[in-house]
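New to this one? Here's a quick briefing to read alongside the sequence and the 3D view.

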Amino acid sequence: MRKIITLLLVFAIAVLSSGCMDSGTMNKYESYIQVYDNDIDEYNSVMNELIEKQDNYNTAYEEYVDASDSYSKTVSSGARIAMMYADVELSDKEDKLDVALNQLATAKNNYEFTANTIYSHLDEFEFFIISNEETLERNGVDTVQLKAEIQDWKEEIRYNLN
């Protein structure tokens with residue numbers, strides 16, 4: 001009788017501690033999901049900024065090329081007053097191109113920093129999922145889908161960093 005009671009107590013403790021482990025794992029999972037969601041917002045923000053600055057640079061470059069062509073045509077025509085205006089316009093477009101290039105470089109640095117940080121978060125999250133796969137699946141988490149999403153995002157980051 002004593003052995004049965006002891007066995008029942010050991011079983012009850014095991015079941016209760018398993019529930020506590022599940023609770024702790026799920027709390028940590030929720031924390032990772034919050035970081036994941038924040039990372040998505042941050043990534044989208046820096047990616048949009050990078051795209052915007054690339055577009056600005058492309059526009060500034062096209063305007064600079066047009067001004068350079070106009071300046072060359074004006075020089076070949078020999079009209080001095082037109083050359084002065086073309087020179088001022090070319091200088092203005094060159095300044096705008098420099099500003100756009102600096103902004104693009106800053107956006108690229110911001111993207112690289114953010115992408116590397118997020119990549120590190122994804123590695124941690126992926127390791128957590130692999131280490132706690134049974135518990136997560138027992139609690140209704142589709143670990144296969146989640147790991148696939150993480151891998152896809154890591155691949156996108158690797159591609160964009162190269």
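What follows is a short tour of helix packing, the nonpolar core, aromatic rings and one buried leucine. Keep in mind that this is a predicted model.

**Helix 2 against helix 4**
- Start with how helix 2 and helix 4 pack: the angle is about 155°, and their axes are 10 Å apart.
- An angle over 145° counts as roughly antiparallel, so that label fits helix 2 and helix 4.
- The crossing of helix 2 and helix 4 is left-handed.
- On the helix 2 side, the residues that meet helix 4 include Tyr111, Ala115, Ile118, Tyr119, Leu122 and Phe125.
- Helix 4 brings residues including Leu146, Ile150, Trp153, Ile157 and Leu161 to that meeting.
- Polar and charged names turn up here too, among them Glu112 and Asn116 from helix 2, and Lys147 and Arg158 from helix 4.

**The largest nonpolar core**
- The largest nonpolar core has 29 residues, and the members that touch the most others are Tyr29, Phe125 and Ile157.
- Helix 1, helix 2 and helix 4 (143–161) each give two or more residues to this core.
- Helix 2 supplies the largest share of the core, with 12 residues.
- Take a look at Ile157: beyond its neighbours within four places in sequence, Ile157 is in contact with Tyr43, Tyr111, Ala115, Ile118, Tyr119 and Leu122.

**Aromatic rings**
- There are eight aromatic pairs in the structure.
- One of them is Tyr57 with Tyr61, a stacked pair at 6.3 Å centre to centre, with 25° between the planes.
- Both tyrosines are in helix 1 (residues 2–77), and because Tyr57 and Tyr61 are four residues apart there, about one helical turn separates them.
- Tyr61 is partly exposed, with a relative accessible area of 42%.
- Elsewhere, one aromatic cluster joins Tyr29, Tyr32, Tyr36, Tyr43, Tyr111, Phe125, Phe128 and Trp153.
- Tyr29 and Phe125 from that cluster also come up among the core members with the most contacts to other members.

**A look at Leu90**
- Leu90 is found in helix 2 (residues 80–131).
- Is Leu90 buried or exposed? Leu90 is buried, because its relative accessible area is 13% and the cut-off for buried is under 20%.
- Setting aside residues up to four places away in sequence, Leu90 touches Tyr64, Ala67, Ser68 and Tyr71.
- Leu90 and Val65 are 25 residues apart in sequence, and their C-alpha atoms are 8.8 Å apart in space.

Methods
Residues are numbered from 1 along each chain as its sequence is written. This is a predicted model: local features need pLDDT of at least 70, side-chain atom pairs count only at pLDDT 80 or more; totals for chains, interfaces and linings use all residues. Side-chain values use heavy atoms; hydrogens and water are left out. Rings of Phe, Tyr and Trp (its six-membered ring) pair if their centres lie within 6.5 Å; planes under 30 degrees apart count as stacked, over 60 as edge-to-face and the rest as tilted. Buried means under 20% relative accessible area, exposed over 50%, partly exposed in between (1.4 Å probe, protein chains only). Contact means heavy atoms within 4.5 Å. A nonpolar core is a set of buried Ala, Val, Leu, Ile, Met, Phe, Trp, Tyr and Cys residues joined through side-chain atoms within 4.5 Å. Axes are lines fitted to C-alpha atoms, for helices over the stretch in contact, and angles run from 0 to 180 degrees between N-to-C directions. Angles under 35 degrees count as roughly parallel, over 145 as roughly antiparallel, 65 to 115 as roughly perpendicular and the rest as oblique. A crossing is left-handed if the near helix is turned anticlockwise from the far one by less than a right angle, and right-handed if clockwise.
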